[in-house]
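Could you walk me through this model in the viewer, one selection at a time? I'd like to know what to click on next and what I will find there.

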Amino acid sequence: KKKKKKNFPRIGSLSLSRPTMLSALICNVLGSLYPAYASYKAIKNEDVESYMRWMKYWTVYSFFTFLEIIMDFFLFWIPFYYGLKFIFLLLLVLPQFRFADYIFRAFVHPTLDHHEENIDLLVLSVVQRTKGHGMQLIRNLWVHGTGQAKDVFSKASNMLHWAEQSLHADKPPAAGDRLQHETLQRDAAPADRLQEETLQREAAPKKQQ
């Protein structure tokens, strides 16, 4: 019998088998979680040197992540990609190598410095174009969302009210209520019999006449 081939989930072109998922988790911890905590410590202790080092790291890491997303299809063909990524992140994170500082000074800073004016103009243009439309979109979403929420809460309240009424309608009377009802019936029975006998005595002479 042929064994069934397991279909593992995929992100882009990368198949997430169990070893791959573990490797991705390790890379995320090394590349994101630890640097985030180290950055927090640098801000808390007001360590300017560590703060500058981690700012350079996050700049390099952001560009690396962007390139990784673009080149996702080609990364599928690289053997032991996550092993290579782990080594690269290790070089970026460990302070004795100062690899993030080197990449920042050799590649990132010259590139951004050369295109900084054009990037600023592009960002300003995009912000100005989307500012009005963005605020209007947020208002529309807010109005639509609050309206939908009100409808949902109103329907839920009506359903609860209907369910409560149904429960009360189908609920048998409590023991105390039954006892009170029986007591009232017993108290009312003699009065009803007396009234009936009085009416019969008054009606008897009329019949004889």
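Start by selecting P95, which sits in the loop between α4 and α5. Keep in mind as you go that this is a predicted model. With a relative accessibility of 40%, P95 is classed as partly exposed, because that class lies between the 20% limit for buried and the 50% limit for exposed. Now add S50 to the selection and draw a distance between the two C-alpha atoms: P95 and S50 are 45 residues apart along the chain, yet these atoms are separated by 9.5 Å.

Stay in this loop and click on R98, which also belongs to the stretch between α4 and α5. Its backbone deserves a look: the phi of R98 is near 50°, a positive value in a residue other than glycine. Most residues other than glycine have a negative phi. R98 is partly exposed, at 49% relative accessible area.

A second residue to check in this way is F80, in the loop between α3 (72-75) and α4. The phi of F80 is positive too, near 55°, and F80 is not a glycine. Is F80 buried or exposed? F80 is exposed, since its relative accessible area is 73% and the exposed class begins over 50%.

Next, show helix α2 (residues 48-70) together with helix α4 (residues 81-93). Their axes come within 10 Å and cross at roughly 160°. That angle makes α2 roughly antiparallel to α4, because angles over 145 degrees count as such. The crossing of these two helices is right-handed.

Turn on side chains to see who meets whom. From α2, pick R53, W54, Y57, V60, Y61, F64 and E68; they meet Y81, K85, F88, L89, L92 and V93 of α4. Sorted by class, this contact has 10 nonpolar residues, 3 charged residues and no polar ones.

Keep those side chains on and look for the largest nonpolar core, which has 19 residues. Which of its residues touch the most other members? They are Y57, V60, L89 and L92. The elements giving two or more residues to this core are α1 (18-44), α2, α4 and α5 (99-170).

Zoom in on L92. Setting aside neighbours within four places in sequence, L92 is in contact with Y57 and V60, and also with F99, A100 and I103.

For a stop in another helix, select S39 in α1. S39 counts as buried, with a relative accessibility of 14%, because the limit for that class is under 20%. Not counting residues up to four places away in sequence, S39 touches W54 and W58. You have already met W54, one of the α2 residues in the contact with α4.

Finally, zoom out and color by secondary structure. How many helices and strands does the chain have? There are 6 helices and 2 strands, and their pattern along the sequence reads β-β-α-α-α-α-α-α. If you color by accessibility instead, buried residues make up 15% of the 209 in the chain. One last figure concerns contacts between residues at least 6 apart in sequence: 59% of them join residues at least 24 apart.

Methods. Residues are numbered from 1 along each chain as its sequence is written. This is a predicted model: local features need pLDDT of at least 70, side-chain atom pairs count only at pLDDT 80 or more; totals for chains, interfaces and linings use all residues. Side-chain values use heavy atoms; hydrogens and water are left out. Axes are lines fitted to C-alpha atoms, for helices over the stretch in contact, and angles run from 0 to 180 degrees between N-to-C directions. Helices (H or I, at least four residues) and strands (E, at least two) are DSSP runs, numbered from the N terminus. Angles under 35 degrees count as roughly parallel, over 145 as roughly antiparallel, 65 to 115 as roughly perpendicular and the rest as oblique. A crossing is left-handed if the near helix is turned anticlockwise from the far one by less than a right angle, and right-handed if clockwise. Contact means heavy atoms within 4.5 Å. Ala, Val, Leu, Ile, Met, Phe, Trp, Tyr, Cys and Pro count as nonpolar, Asp, Glu, Lys and Arg as charged, and the others, Gly among them, as polar. A nonpolar core is a set of buried Ala, Val, Leu, Ile, Met, Phe, Trp, Tyr and Cys residues joined through side-chain atoms within 4.5 Å. Buried means under 20% relative accessible area, exposed over 50%, partly exposed in between (1.4 Å probe, protein chains only).
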